[in-house]
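The following exercises concern the ligand sites of one protein chain. Each task is followed by a solution in steps.

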Amino acid sequence: MGVRKPEDTRSFALCAHGGAGKTSLAEAMLFDNGNITRMGSVQNGNTVSDFQSEEQKRNISISTSLLTLERKGKTFYVLDAPGYADFTGEMSAAIRVADTAVILVSAVGGIEVQTSRAWEYAAHHNAPVAFVVSKMDRENADFEKVLADIKSQFSQNALPVFLPVGAGDKFSGVVDVLKSDSPEAESAKEALIEAAVEMDDALMEKYLEGETIPQADIERTLKKLSPQKE
Ligand SMILES: Nc1nc2c(ncn2[C@@H]2O[C@H](COP(=O)(O)OP(=O)(O)O)[C@@H](O)[C@H]2O)c(=O)[nH]1
Ligand SMILES: [Mg+2]
């Protein structure tokens, strides 16, 4: 495994209301990365993250698990924090030590009590936040509503970097907004470009002169966009 340099490591805390899909997302990440050859499920009590017998019996996460993924020369530490109100200390501690809080919001359930608590903890620990909208494959999944609620309740700076394609049984995946040429992603792309140029005078100048802004410049600048600082 060798020595891991700090600049080559990333850590993020998965936080959400209980049942939003954190443990399932962690399992999917491990599967996608080739760490496991079969995806376990919370129902079957065979996920990597819910390894304690009490977690498997109750089908919920009780303590934070640390998962490690090696990908593209980087080491990712994924902290799967439990979402139930009894264990919020775990969530706060996970956010405190991680580089980023990844807050899952179910496309069906929307913002719930522990979602807001995750947001408050992230603000308290000054942690950057990325939202993931889960359960897009479920009936009544409503991405637009979740996005509108995140904007109105948490931050107008929340802008989609990936968009879902379809919903419910028509859900077929996601598109990378900056890389996409699809007309559906056009306004989201424009919003990301505008947010980037507003933070960088040199980019603004290029933008106003009608020049195309390189994607790398947009991505680099967007990293400074903090949802916590309105
Ligand atoms: N259909 C569907 N079910 C999901 C998804 N993510 C999680 N689930 C289910 O939702 C339930 C709660 O998921 P879990 O990963 O334990 O949520 P956690 O409490 O946030 O860790 C389980 O029954 C999962 O199988 C998803 O994207 N789609
Ligand atoms: Mg869990």
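**Exercise 1.** Which residues surround ligand 1?

*Solution.* The model is a predicted one. Step one is to list the shell: ligand 1 is enclosed by G18, G19, A20, G21, K22, T23, S24, V42, Q43, K135, D137 and R138. Step two is to sort these residues by character: two are nonpolar, six are polar and four are charged.

**Exercise 2.** Identify polar contacts of ligand 1 with G19, G21 and D137, and state how far the protein covers the ligand.

*Solution.* Begin with the backbone. A polar backbone atom of G19 lies 2.7 Å from an oxygen atom of ligand 1, and a backbone N or O atom of G21 is 2.9 Å from an oxygen atom of the ligand. Turn next to the side chains: D137 places a polar side-chain atom 2.7 Å from a nitrogen atom of ligand 1. Finally, consider the area: on its own, ligand 1 has 570 Å² of accessible area, of which the protein covers 76%.

**Exercise 3.** Determine which residues coordinate the magnesium ion (ligand 2), locate them in the chain, and decide whether each is buried or exposed.

*Solution.* The donors are OG1 of T23 and OG of S61, at 2.0 to 2.1 Å. This pair joins distant parts of the chain, 38 residues apart: T23 belongs to helix α1 (residues 22–32), whereas S61 sits in the loop between α2 (53–58) and β2 (65–71). For the last step, the cut-off for buried is under 20% relative accessible area. T23 has a relative accessibility of 7% and therefore counts as buried; S61, at 9%, is buried as well.

Technical notes:
Residues numbered from 1 in each chain as written. Chains lettered and ligands numbered in written order. Predicted model: local features only at pLDDT ≥ 70, side-chain atom pairs only at ≥ 80, totals over all residues. Heavy atoms only, no water. Near = heavy atom within 4 Å. Polar contact = N/O pair within 3.5 Å; in protein donor to acceptor, adjacent residues only side chain to side chain. Areas by Shrake-Rupley, 256 points an atom, 1.4 Å probe, with all protein chains shown as cover. Nonpolar A, V, L, I, M, F, W, Y, C, P; charged D, E, K, R; others polar. Donors = N, O, S within 2.8 Å, 3.2 Å for Na, K, Ca; no water. Helix = DSSP H or I, 4+ residues; strand = E, 2+ residues; numbered from the N terminus. Buried < 20%, exposed > 50% of the residue type's maximum accessible area, 1.4 Å probe, protein only.
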